[in-house]
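Okay, thanks everyone, let's get going. I'll put the structure up and then walk you through the parts I'd like you to look at.

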Amino acid sequence: MHFTLQQLLMRLTLVPVLVAGIIGFVRFRQLPLNLRYLAGLLWFVLPIEILGVVLLTLHRNNLFLMPIYMVGETCLLGLVYLHTLQSRPFTRLLPWVVGGFTLYALADTLWAENLTRFRPGQQVLQAVLVLGFVGLYFRKLLNELQVPHPTREPMFWVSTGLFIYFLGYLQIALFSNYLLQYSQQLNHNIWAVHSLLYLVLHSCFGYALWLRPRK
């Protein structure tokens, strides 16, 4: 069976998710609460990813899975950063942020004429929210200056992976529908880049779960 580069990369994205999920399972009892939620995120993502690849292999549209994926991912990432930042304003604001995003995703999905069409509004909003979480973490890291070796901190790698992925994904979400009209091949190449970003993200997650948190 011959796969294009895009198809091969999309199938390879399962590998770091599976590896990171196994690491999270093995080390779960030793993980702090924020990283336990990260492990939970991986276990939530993995079956959705498997189903998405199966549908892709059967040449079925899998875009209807995206709202479920994004709402669950945003909620669990919010819990990761809730227990990382230990900030009262963030704790009070998070339920409203996640609840508002969930309502928007639900309304956007229910009112859509075609559930199999890519709707970038949800992706753009999620990317902005997660980049906001990441920005708050790096702000805390810089302001407190209590971490002599940031690269030994699991949350540094989690935040770095999220920053790289969602910064790239934000551009893809904004321009994907336009690129599809402009050039089918260019659109395929852009989504191959997305698969590479996804590989980087979950490789960072796996490394973060493998690291021993600083005491």
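So, to start with the record: the UniProt entry, which is unreviewed, places the feature "transmembrane region" at residues 6-26, 38-58, 64-82, 94-112, 124-142, 154-179 and 191-211. Keep in mind that what's on the screen is a predicted model.

How do those annotated stretches look in the model? Take two of them. Residues 38-58 are 95% helix and 0% strand, and the C-alpha atoms at the two ends sit 30 Å apart. For residues 124-142 we get 100% helix, again with 0% strand, and the end C-alpha atoms are 27 Å apart.

Zooming out, the protein has 8 helices and 0 strands, so the order from the N terminus is just α-α-α-α-α-α-α-α. Of the 215 residues, 45% are buried. And if you take contacts between residues at least 6 apart in sequence, 74% of them join residues at least 24 apart.

Now the inside. The largest nonpolar core has 54 residues, and the members touching the most other members are Leu38, Tyr81, Val158, Leu162, Phe166 and Phe205. Helices 2, 3, 4, 5, 6, 7 and 8 each give two or more residues to this core. Which helix gives the largest share? That's helix 3, with 10 residues.

Let me click on Leu162. Leaving out residues up to four places away in sequence, Leu162 touches Leu77, Tyr81, Val130, Leu131, Val134, Leu167, Leu201 and Phe205. Two of those, Tyr81 and Phe205, were on the list of best-connected core members a moment ago.

Over in helix 8 there's a histidine, His202. Buried or exposed? His202 has a relative accessible area of 2%, so it's buried. Outside its neighbours within four places in sequence, His202 contacts Pro16, Val17, Ala20, Leu42, Val45 and Tyr69.

Next, helix 5. At 1.5 Å a residue, its 23 residues should span 33 Å, and the end C-alpha atoms are 34 Å apart, so the two agree. Still, helix 5 has a kink of about 35° at Leu94, shortly before the proline Pro95. The buried residues here are Phe90, Leu94, Val98, Phe101, Ala105 and Thr109. If that spacing looks familiar: an α-helix has 3.6 residues a turn, so residues three or four places apart point the same way. Those buried residues of helix 5 pack against helix 4 and helix 6.

Just before that, in the loop between helix 4 and helix 5, is Gln86. Gln86 has a positive phi of about 50°, although it isn't a glycine. With a relative accessible area of 58%, Gln86 counts as exposed.

One more loop: Pro150, between helix 6 (120-144) and helix 7 (154-182). At 28% relative accessible area, Pro150 is partly exposed. Not counting residues up to four places away, Pro150 touches Leu141 and Phe156.

Last thing, the cysteines. With a cut-off of 2.5 Å between sulfur atoms, the count is 0 disulfides. Cys75 is partly exposed, with 32% relative accessible area, whereas Cys204 counts as buried at 10%.

That's my tour. Happy to rotate the model if anyone wants another look.

Definitions and conventions. Residues numbered from 1 in each chain as written. Predicted model: local features only at pLDDT ≥ 70, side-chain atom pairs only at ≥ 80, totals over all residues. Heavy atoms only, no water. Helix = DSSP H or I, 4+ residues; strand = E, 2+ residues; numbered from the N terminus. Buried < 20%, exposed > 50% of the residue type's maximum accessible area, 1.4 Å probe, protein only. Contact = heavy atoms within 4.5 Å. UniProt positions renumbered as here; feature names shortened; annotations may be inferred. Core = buried A, V, L, I, M, F, W, Y, C linked by side-chain atoms within 4.5 Å. Expected span 1.5 Å × (residues − 1). Bend = angle between axes of the 7 residues up to and from the residue.
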